[in-house]
Amino acid sequence: MNPRHDLDLRTFASDNYSGLHPEVLAALAAANEGHQVAYGGDAYTERLDDVVRGHFGPTASAWPVFNGTGANVVALQAMLPRWGAVVCASTAHIVVDEGGAPERMGSLKLLPVPTPDGKLTPELVDREAWGWGDEHRAQPLVVSITQTSELGTCYTPDEIRALADHAHERGMRLHVDGARLANAGATLGTGLAAFTTDAGVDVVSLGGTKNGALAAEAVVVIDPDALVGGIAAMPFVRKLSMQLASKMRFVSAQLLALYDGDLWLRNASHANAMAQRLRAGLEAGIATGELPGLGLTQPTQANAVFATLPPAVADRVRARYRFYDWDAAAGEVRWMCAFDTRPEDVDAFLVAVREELAPP
């Protein structure tokens, strides 16, 4: 098949727009020959468990799934009884971007809390963590955070430890939506355990797709006691959530390509560096007056840049480089970098923003 798109096209809309990293694609090809046991009984999925334990500790286990929504729904269903509820940020992916799947498919009650930067604190958790024993209220039993957050901010290990301790003291558990967990590791300069296992996290949705894979995520259970029914419940929860891959070796092979080595870190570090390059160029333009009317609304701590600019200008820039509004009423947009964003892509985008902001 001949390509049906411009192979040089780059956008700043989402790290989901990127293709597969060549090493991931090669891993798929390597896993393709011959037969392997279906539904996870294959050598690749067995190896993935070993790799996950290397990152998250000896009690960890990996449960590959197709996508991030599936990972979150499976993880939270496994952690909660029917009457349980999840405290999360109002900007959380499970609230805003999953089409109601946690509620409709997972039968979960979400208790969102507004935050200024996409990050929960123990004090913010307490706004919804109450009412235990009241049969008229869904019981808050899980805190879910996103690392890095939907606003591009990154929790420190100490911040996560404070949340984990706060949750555990109240009989709650801590889940991390780690669609961009690799970007957090690159930002913090640590291994994955430093801000998950070592910080008291119970269950992680481990991302792959945004970092160079194709339909490859996993639920990582760090503490089996965090699950209703224990680890024995996981096969059934995953299956009834329609997240059990028959040819699972192709999901696991991609995650192995990323995490059985340092590809996860190399990809995320590059995406973060490109966002920092973009941020630096914007700040320089603001300082010199070359970018009148442009502001920056969040710190750039991973691979996202949030900015405000006049809507008409945003539309003109968008005609040249696709990206999304974040808060259209406020004129706020989000610019994302990916593992395959090139320095010249960032520089050309900065030229486009400068040209469209220039007075007539």
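Which residue in β11 is the bridge partner of Tyr 324? It's Arg 334. This is a predicted model, and that pair is a handy way into its smaller sheet.

**The four-stranded sheet**

β10 and β11 run antiparallel and are joined by three bridges. Together they make a hairpin, with four residues between the two strands. Look at Gly 331 in the turn: its phi is positive, at about 70°.

Zoom out a little and you'll see an open sheet of four strands with antiparallel pairing, ordered β8-β9-β11-β10. β8 (295–296) and β10 (324–327) are the edge strands, each pairing on one side only. On its other side, β11 has β9 as a neighbour in the strand order. Strand β9 (residues 304–308) and strand β11 (residues 332–336) are antiparallel too, and their pairing covers five bridges. If you want a residue pair to click on there, try Val 305, whose bridge partner in β11 is Trp 335.

**The seven-stranded sheet**

There's also an open sheet of seven strands, this one with mixed pairing. Read across, the order goes β1-β7-β6-β5-β4-β2-β3. The edges belong to β1 (61–65) and β3 (109–113), which each pair on one side only. Ignoring direction, neighbouring strands in this sheet are turned by 25° against each other on average.

For a parallel pair, go to strand β2 (residues 84–89) and strand β4 (residues 139–146), which are joined by four bridges. Gly 84 stands opposite Gln 139 in β4 there. A helix lies over part of this sheet as well: α2 (residues 43–56) lies across β1, β6 (203–206) and β7 (217–221). Relative to β1, α2 runs at about 125°.

**Helix against helix**

Two packed helices are described by the angle between their axes and the distance between the axes. Here are three pairs side by side.

| Helix pair | Angle between axes | Axis distance |
|---|---|---|
| α12 (residues 311–318) and α13 (residues 343–357) | about 140° | 9 Å |
| α8 (residues 181–188) and α11 (residues 263–288) | roughly 75° | within 8 Å |
| α1 and α10 (residues 249–259) | about 140° | 8 Å |

Take α8 and α11: their axes cross at roughly 75°, so the two helices are roughly perpendicular to each other. From α8, the contact draws on Ala 182, Asn 183, Gly 185, Ala 186 and Thr 187. α11 brings Trp 264, Leu 265, Ala 268, Ser 269, Ala 271 and Asn 272. By class, that gives six nonpolar residues, five polar and no charged.

Next up are α12 and α13, with their angle of about 140°. That makes α12 oblique to α13. The crossing of α12 past α13 is right-handed. On the α12 side you'll find Val 313, Arg 316 and Val 317, and they meet Phe 349, Ala 352, Val 353, Glu 356 and Leu 357 of α13. Six residues of this contact are nonpolar and two are charged, with no polar ones.

And then α1 and α10, which also pack at about 140°; they are therefore oblique to each other. α1 passes α10 in a right-handed crossing. Glu 23, Val 24, Ala 27 and Leu 28 are the α1 residues in the contact, and they meet Phe 250, Ala 253, Gln 254, Ala 257 and Leu 258 in α10. The class count for this contact is seven nonpolar, one polar and one charged.

**Backbone oddities and a stretch before α1**

Most residues other than glycine have a negative phi, and most peptide bonds are trans. A couple of spots here go the other way. Ser 107 isn't a glycine, but its phi is positive at about 55°. You'll find Ser 107 in the loop between α5 (101–104) and β3. The other spot is the peptide bond from Gln 147 to Thr 148, which is cis, with omega near -5°. Thr 148 itself belongs to the loop between β4 and α7 (157–169).

Finally, have a look at Asp 6, in the segment before α1 (22–30). A polar atom of the Asp 6 side chain lies 2.9 Å from the backbone nitrogen of Asp 8. Compare that with Asp 165, which is 159 residues from Asp 6 along the chain: the C-alpha atoms of Asp 6 and Asp 165 are separated by 50 Å.

Terms used: Residues are numbered from 1 along each chain as its sequence is written. This is a predicted model: local features need pLDDT of at least 70, side-chain atom pairs count only at pLDDT 80 or more; totals for chains, interfaces and linings use all residues. Side-chain values use heavy atoms; hydrogens and water are left out. Axes are lines fitted to C-alpha atoms, for helices over the stretch in contact, and angles run from 0 to 180 degrees between N-to-C directions. Angles under 35 degrees count as roughly parallel, over 145 as roughly antiparallel, 65 to 115 as roughly perpendicular and the rest as oblique. A crossing is left-handed if the near helix is turned anticlockwise from the far one by less than a right angle, and right-handed if clockwise. Contact means heavy atoms within 4.5 Å. Ala, Val, Leu, Ile, Met, Phe, Trp, Tyr, Cys and Pro count as nonpolar, Asp, Glu, Lys and Arg as charged, and the others, Gly among them, as polar. A polar contact is a pair of N or O atoms within 3.5 Å; within protein, one must be able to donate a hydrogen and the other to accept it, and residues adjacent in sequence count only if both atoms are side-chain atoms. Two strands pair if DSSP finds at least two bridges between them.
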